[in-house]
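Welcome! Have the sequence and the 3D view side by side, and take a moment to turn the picture around before reading on. The notes below go from the whole chain to single residues.

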Amino acid sequence: MGIGDRHQKKDVEAALKRAEAAGLKVTHDKNRHRWGWVICCPCNQSQVVYCTPQSQGEEAREIDRFTRRHQNCA
Ligand SMILES: [Zn+2]
């Protein structure tokens, strides 16, 4: 991710960093409600990331679940 692509919710940002560290691709597409995506390139699956989730803790856990499921795909 480049400068300015940080998620405003720190729990979500931390989960996105863990996803990147595990080799997944994080994209910020600046849609109104959607912050972007976490993408697993080898199997072409993606997890949507919202800008203002109802619970940032739950949003972070969903990202972590996706990361765990896909960290060994490559
Ligand atoms: Zn995968």
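Among contacts in this protein between residues at least 6 apart in sequence, 43% join residues at least 24 apart. Please keep in mind that the model is predicted. Along the sequence, the elements follow the pattern α-β-β-β-α, which amounts to two helices and three strands.

**Overall shape and surface**

- A compact globule of 74 residues would have a radius of gyration near 11 Å, and the protein has 11 Å, so the two agree.
- Taken along the principal axes, the box filled by the C-alpha atoms is roughly 30 × 20 × 20 Å.
- Of the 74 residues in the protein, 35% are buried.
- The protein exposes about 4,800 Å², and carbon and sulfur atoms supply 46% of that area.
- What about charge? There are 13 positive and 9 negative side chains, and the centres of the two sets lie 0 Å apart.

**The nonpolar core**

- In soluble globular proteins, nonpolar side chains tend to be buried together.
- Here, the largest nonpolar core has 14 residues, and Leu16, Val38, Val49 and Ile63 are those with the most contacts inside it.
- At least two residues of this core come from each of α1 (10–21), β2 (34–40) and α2 (56–70).
- Helix α1 gives the largest share of the core, with four residues.

**Two buried residues to find**

- Start with glycine 36, which you can locate in strand β2.
- Why does glycine 36 count as buried? Its relative accessibility is 0%, and buried means under 20%.
- Leaving out residues up to four places away in sequence, glycine 36 touches Thr27, His28, Asp29, Gln47, Val48 and Val49.
- One of these partners, valine 49, is 13 residues from glycine 36 in sequence, yet their C-alpha atoms are 5.2 Å apart in space.
- Next, look for histidine 70 in helix α2.
- Histidine 70 has a relative accessible area of 5%, so this residue is buried too.
- Apart from neighbours within four places in sequence, histidine 70 is in contact with Leu24, Cys40, Cys43 and Gln45.

**Aspartate 29, between two strands**

- Aspartate 29 sits in the loop between β1 (25–28) and β2.
- Is aspartate 29 buried or partly exposed? With 31% relative accessibility, aspartate 29 counts as partly exposed.
- Its contacts, not counting neighbours within four places in sequence, are Arg34, Trp35, Gly36 and Trp37.
- Cysteine 40 is eleven residues from aspartate 29 in sequence, and the C-alpha atoms of the pair are 16 Å apart in space.

**Asparagine 44, with a positive phi**

- Most residues other than glycine have a negative phi.
- Asparagine 44 is not a glycine, but it has a positive phi of about 60°.
- You can find asparagine 44 in the loop between β2 and β3 (45–50).
- Asparagine 44 counts as exposed because its relative accessibility is 68%.

**Two residues in the loop before helix α2**

- Glutamine 54 lies in the loop between β3 and α2, and serine 55 lies in the loop between β3 and α2 as well.
- How exposed is glutamine 54? Its relative accessibility is 89%, so glutamine 54 counts as exposed.
- Serine 55, at 33% relative accessibility, counts as partly exposed.
- Between glutamine 54 and cysteine 73 there is a C-alpha separation of 30 Å, with the two residues 19 apart along the chain.
- Serine 55 and aspartate 11 are 44 residues apart in sequence, while their C-alpha atoms are 9.8 Å apart in space.

Technical notes
Residues are numbered from 1 along each chain as its sequence is written. This is a predicted model: local features need pLDDT of at least 70, side-chain atom pairs count only at pLDDT 80 or more; totals for chains, interfaces and linings use all residues. Side-chain values use heavy atoms; hydrogens and water are left out. A nonpolar core is a set of buried Ala, Val, Leu, Ile, Met, Phe, Trp, Tyr and Cys residues joined through side-chain atoms within 4.5 Å. Buried means under 20% relative accessible area, exposed over 50%, partly exposed in between (1.4 Å probe, protein chains only). The radius of gyration is taken over C-alpha atoms; the globule rule is 2.2 Å times the number of residues to the power 0.38. Contact means heavy atoms within 4.5 Å. Accessible areas come from the Shrake-Rupley method with a 1.4 Å probe; for residues, only the protein chains shown count as cover. Lys and Arg count as positive and Asp and Glu as negative; His and the chain ends are not counted. The place of a charge is taken as NZ of Lys, CZ of Arg, CG of Asp or CD of Glu.
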